[in-house]
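Q: Here's a structure to go through together, one question at a time. What do we need to agree on before we start?

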Amino acid sequence: MKNILRFILFFSVSVNAQLILRDDFQSKNNYWFYRADGNQTIPIVKDGMLQLTLLNAESSEYCNTEIYDPTEPYLPGTILRTRIKCSPQHIGSRGWGFWDGDLTLIDLFLDYDVAWIMQQKSVLTEEKYNWFLFGVASDSLSNKKTMNLQNKLNETEWHTYKIIWEENFTSLYIDDELFYLANSNIPDDKMRFDVWIDNRVINIEDPSEYWNNISEVSSIFVDFVEISGLNGTEISRNIFGNILLWDSPNSYPNGEKEILWKEYNFTIEDQSEALIYITGNAENYSEIEIDDDLKIVIDNIDYGWNNQNSLNGELINGNGYSISLPVNLSSGNHNLKIYTDETPFVSDIIVVNSPSGKLIYNNNFNQIANDEDGFFKNIDLEISENSEITCLLSFDMNSSDDIEITIDDKEIDLTNQKIITGNELQKRPQTFVINEFLNSGKHSLKIYKSGTPELINVSVYAPSTVTDIDNNLNENLEFEFGVYPNPFNITTNLNYKISQPANVKIRIYNLLGQLIEEVINKNHQIGEYNFEWNANKVTSGIYLFTISANNYFESKKVILLK
């Protein structure tokens with residue numbers, strides 16, 4: 001077995017790749033500190049969003065719900081992007097951005113660093129008790145630079161807020177429009193990201209005057225949080241071999257509906273087949289009946305939304321996915337447009353082309369590695385004459401995961417392609433590109449791993465001289481699946497039989513498309529299997545079982561009657 005442990009934490013990061021943290025709140029994670037005070041409940045993650053709700057608060061106590069970093073990790077040289085929507089304002093305050101977490105009166109007047117948006121409403125009419133501002137402060141809340149956002153911004157609609165915090169100035173962008181730039185009172189101490197909603201009113205001119213209120217229900221919804229260094233999230237990529245274009249936004253669009261997000265021009269020397277390869281993920285916000293998506297338009301030919309050539313959040317439901325689209329193009333200049341709907345995360349946009357090349361292999365594995373470090377996957381090639389081949393492999397990876405790829409037991413240098421760093425929250429999809437000139441004969445591509453990365457897709461672009469590809473994974477997998485009894489009361493049995501080794505995933509959804517439970521996700525050998533599902537935690541109704549195994553997919557409805 002390859003000695004993969006020697007490079008578990010060895011990652012080479014481009015100087016332009018400074019993504020520190022991202023969370024699209026597909027599921028709740030343990031990174032954030034979730035806090036509630038008074039008669040409140042802690043924030044929840046639901047339907048692909050963080051949701052903070054202030055309940056009917058009592059004036060007798062401070063009532064608050066919020067999340068923030070468990071430490072104060074950020075210094076000047078940081079960019080925050082977050083997409084937020086609020087309900088109408090209640091009596092009290094709410095806000096989002098950076099602050100140093102100090103709360104005492106001494107701190108408020110002597111050492112209080114902030115760069116945030118804050119909004120307050122009071123039963124009193126004076127402006128000092130009713131305000132909506134972007135503000136920065138480096139020593140006290142009474143010594144600050146602010147911009148009034150009243151009548152300039154409807155916070156009850158979705159907006160993407162960006163705060164750029166440098167040593168000499170701090171700026172606020174809303175939906176990519178510059179709203180304000182401050183060059184004094186700039187924070188100079190460590191701060192954390194924070195989003196909160198509470199029932200407190202303060203006098204902005206004299207913060208020592210404050211009180212709590214009876215407040216009705218109001219909410220904040222957070223789609224994503226993204227924090228990076230000043231060079232942003234985009235990754236510099238080298239162009240080599242058959243790669244005509246490789247852009248790595250490593251980010252989210254702002255969330256507009258069906259809008260042009262990226263545009264590229266490239267040139268084909270001879271009429272031939274080009275491969276468009278895009279890796280990312282997309283969410284399904286089931287309760288509000290929207291989902292993320294991305295579509296491709298090439299030379300005004302529209303490849304559409306909600307299909308295999310898009311990032312369809314309803315289908316992939318937050319998981320990583322790679323579009324592998326072959327297109328026949330004439331010689332000359334060509335135009336590629338990327339349209340987005342809502343906020344799919346896009347890591348890589350790649351165009352591959354050579355005069356005799358074509359897509360000869362494409363497999364959506366969607367297979368999570370087991371816990372044992374070492375060998376993971378093997379793909380065999382047979383070539384009838386010397387040929388240049390391009391392999392594209394996409395993975396979902398955590399910062400502690402690593403990949404090694406060999407061809408004929410020779411390690412491929414991926415040093416300049418590895419970009420996972422500092423991501424303590426969700427897995428991040430990324431693409432590795434291998435461009436090799438191989439002699440005629442048989443060849444073996446092997447993947448070794450540490451941690452538990454998920455292999456999303458492997459595509460091979462090569463001349464027709466590649467005569468055979470065998471990944472030891474039969475695409476004609478036979479899978480038998482049954483649920484009995486159906487209808488059922490409390491428990492039912494899942495019986496299934498597979499004819500090839502496979503990674504089997506069985507998930508249960510309600511009719512709104514919400515994931516109830518993932519009951520199976522592991523590698524299986526050939527054979528028959530049985531699993532009993534206990535539904536005592538859910539209500540009566542119709543549920544949907546989805547079954548995937550390699551390239552096999554099926555769904556079945558079951559009826560629970562209690």
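A: Let's begin with the polar contact: it's a pair of N or O atoms within 3.5 Å, where within protein one must be able to donate a hydrogen and the other to accept it, and residues adjacent in sequence count only if both atoms are side-chain atoms. This is a predicted model, where local features need pLDDT of at least 70 and side-chain atom pairs count only at pLDDT 80 or more, while totals for chains, interfaces and linings use all residues. Residues are numbered from 1 along each chain as its sequence is written, and side-chain values use heavy atoms, leaving out hydrogens and water.

Q: How many helices and strands does the protein have?
A: Both are DSSP runs numbered from the N terminus: helices are H or I with at least four residues, strands are E with at least two. By that count the protein has 2 helices and 43 strands.

Q: What is the radius of gyration of the protein?
A: This value is taken over C-alpha atoms, and the globule rule to hold it against is 2.2 Å times the number of residues to the power 0.38. The C-alpha atoms fill a box of roughly 80 × 60 × 50 Å along the principal axes. For 562 residues a compact globule would come out near 24 Å, and that agrees with the protein's own 26 Å.

Q: What percentage of the 562 residues count as buried?
A: With a 1.4 Å probe and protein chains only, buried means under 20% relative accessible area, exposed means over 50%, and partly exposed is in between. By that yardstick, the buried share of the protein's residues is 56%.

Q: Which residue's backbone oxygen lies 3.3 Å from a polar atom of the Thr492 side chain?
A: Thr492 sits in strand S38, residues 491–498, and it's buried because its relative accessible area is 1%. Contact here means heavy atoms within 4.5 Å. Not counting residues up to four places away in sequence, Thr492 touches Val483, Tyr484, Pro485, Phe531, Glu532 and Trp533. The one whose backbone oxygen lies 3.3 Å from that polar atom is Tyr484.

Q: Which residue does a cis peptide bond join to Tyr484?
A: Most peptide bonds are trans. The one after Tyr484 is cis, with omega about -5 degrees. Its partner lies in the loop between strand S37 (479–484) and S38, and that partner is Pro485.

Q: What is omega for the peptide bond from Asn486 to Pro487?
A: Pro487 is also found in the loop between S37 and S38. The bond from Asn486 to Pro487 is cis, with omega near 5 degrees.

Q: Which residue's backbone oxygen does the side chain of Thr78 reach?
A: Thr78 is in strand S6, residues 78–86, and counts as buried because its relative accessible area is 3%. Leaving aside neighbours within four places in sequence, its contacts include Phe98, Trp165 and Ile227. The backbone oxygen that its side chain reaches, at 2.6 Å, belongs to Leu75.

Q: Which strand gives the largest share of the largest nonpolar core?
A: A nonpolar core is a set of buried Ala, Val, Leu, Ile, Met, Phe, Trp, Tyr and Cys residues joined through side-chain atoms within 4.5 Å. The largest one has 43 residues, and Trp32, Leu50 and Ile220 are among those touching the most other members. Its largest share, 4 residues, comes from strand S17.

Q: Are the rings of Phe224 and Tyr252 stacked or edge-to-face?
A: Rings of Phe, Tyr and Trp (its six-membered ring) pair if their centres lie within 6.5 Å; planes under 30 degrees apart count as stacked, over 60 as edge-to-face, and the rest as tilted. The structure holds 21 aromatic pairs. With centres 4.2 Å apart and planes at 10 degrees, Phe224 and Tyr252 are stacked.

Q: How many residues apart in sequence are the parts that Phe224 and Tyr252 tie together?
A: Phe224 is buried because its relative accessible area is 0%, and Tyr252 because its value is 2%. Phe224 lies in strand S17 and Tyr252 in the loop between strands S18 (243–247) and S19 (259–268), so the separation in sequence is 28 residues.

Q: Is Glu342 buried or exposed?
A: Glu342 is in the loop between strand S26 (332–341) and strand S27 (345–353). It has a positive phi of about 65 degrees although it is not a glycine. Since its relative accessibility is 5%, Glu342 counts as buried.
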